[in-house]
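Hi,

Here is the structure I promised to pass on. Have a look at it first, and then read my notes underneath.

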Amino acid sequence: MRIQGQEIIGTTIMGSFAYNTNSRKGIKLIIPSDSLIFGWTNNIAETIRDSRGHYVLSSCTGLYVFDSNGNILNRYDYFKPSDARSKELIFGYGLSALDNGIILQDNQLFFSAYDPIKNSIDTFYGARNPEFKNAITDSNRELRTIFPGNKNQLFIVNDKKNSLDIFDFDSKRIFSTPLTFNVSADLDNFNSKDRKSTRLNSS
């Protein structure tokens, strides 16, 4: 759950919701989908409101955008309904808003991006930006432990250097800060309980 302006925005295993504390009006956000995959599609990891007032939902099956009235504007479905019988349906994780309005989705493709001005989803954002991809993957091309934050920055735990790296989306540069504890040992603990990406703060 997050607070953005006058709204409380929540996510559930059956869609998202928003409640305006000023007008005392709420809205339900349910993603239309085939009955075979409906439960997974509406199992939401995080919901955020973009600069144009759209609701962006990260779910087990893709990335979805609703307008302020609850009408779906755009969607990317990573899984098909038939996949419900044969695959583990886990795609989307946390969301992060950049200063330029872009919404980043951490997912199985190393990050996708939604541009609210163009109402477009760049599914392979991570792959199309080599500096970004190199910053978030190790020498084995595995995803590092990352913490999306505000101010166009991404925090990256570099266990090889025992440091916290900060990737700046504007300059495409990386800044490093040494850590005073053994990050490798703590990472084993952390990753055994949760996904490699979590959000540090809310906007």
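Below is what I found, going strand by strand and then on to the aromatic rings.

Bear in mind that this is a predicted model.

**β6 and its neighbours**

I'd start with β6, residues 55-59. Five of its five residues are buried, so the rest of the structure largely encloses this strand. Tyr55, Leu57 and Ser59 point one way from β6, while Val56 and Ser58 point the other way, and all are buried. That fits the general pattern: in a regular strand, side chains alternate between the two faces of the sheet.

What does β6 pair with? On the N-terminal side of the sequence there is β5 (residues 44-49), which runs antiparallel to β6 and is joined to it by five bridges. If you want a spot to click on, Arg49 stands opposite Tyr55 of β6. The β5 and β6 hairpin has five residues between the strands, and Gly53 takes a positive phi there, near 85°.

The other partner is β7 (residues 62-66), again antiparallel to β6, with four bridges joining the two. Here Val65 in β7 is the bridge partner of Val56. β6 and β7 also make a hairpin, with two residues between them.

**β10 and the four-stranded sheet**

Next, take a look at β10, residues 103-107. This strand is mostly covered, with five of its five residues buried. Ile103, Gln105 and Asn107 point one way, Leu104 and Asp106 point the other way, and all of them are buried. So polar side chains such as Gln105 and Asn107 are among those under 20% relative accessible area, the cut-off for counting as buried.

On one side, four bridges join β10 to β9 (residues 92-97), and the two run antiparallel. Ser96 stands opposite Leu104 of β10. The hairpin that β9 and β10 form has five residues between them, and Gly101 in the turn has a positive phi of about 95°.

β10 also runs antiparallel to β11 (residues 112-115), with three bridges joining them. In that pairing, Ile103 sits opposite Tyr114 of β11. The hairpin of β10 and β11 has four residues between the strands, and Phe110 takes a positive phi near 75°.

How are the strands ordered in this sheet? It is an open sheet of four strands in the order β9-β10-β11-β12, with antiparallel pairing. β9 and β12 (120-122) are the edge strands, each pairing on one side only. From one strand to the next, the twist averages 20°.

**Aromatic rings**

Searching the whole structure turns up nine aromatic pairs. One of them is Tyr76 with Tyr78, a tilted pair at 6.5 Å centre to centre and with 55° between the planes. Tyr78 also pairs with Phe79, this time edge-to-face, at 4.9 Å centre to centre and 85° between the planes.

Which of these last two rings belongs to a buried residue? Phe79 does: its relative accessibility is 8%, so it counts as buried. Tyr78, at 33% relative accessibility, counts as partly exposed.

There is also an aromatic cluster worth pulling up on screen, formed by Phe111, Tyr125, Phe132, Phe167 and Phe169.

That's the lot for now. Happy to go through it together whenever suits you.

Cheers

Definitions and conventions:
Residues are numbered from 1 along each chain as its sequence is written. This is a predicted model: local features need pLDDT of at least 70, side-chain atom pairs count only at pLDDT 80 or more; totals for chains, interfaces and linings use all residues. Side-chain values use heavy atoms; hydrogens and water are left out. Buried means under 20% relative accessible area, exposed over 50%, partly exposed in between (1.4 Å probe, protein chains only). Two strands pair if DSSP finds at least two bridges between them. Axes are lines fitted to C-alpha atoms, for helices over the stretch in contact, and angles run from 0 to 180 degrees between N-to-C directions. Rings of Phe, Tyr and Trp (its six-membered ring) pair if their centres lie within 6.5 Å; planes under 30 degrees apart count as stacked, over 60 as edge-to-face and the rest as tilted.
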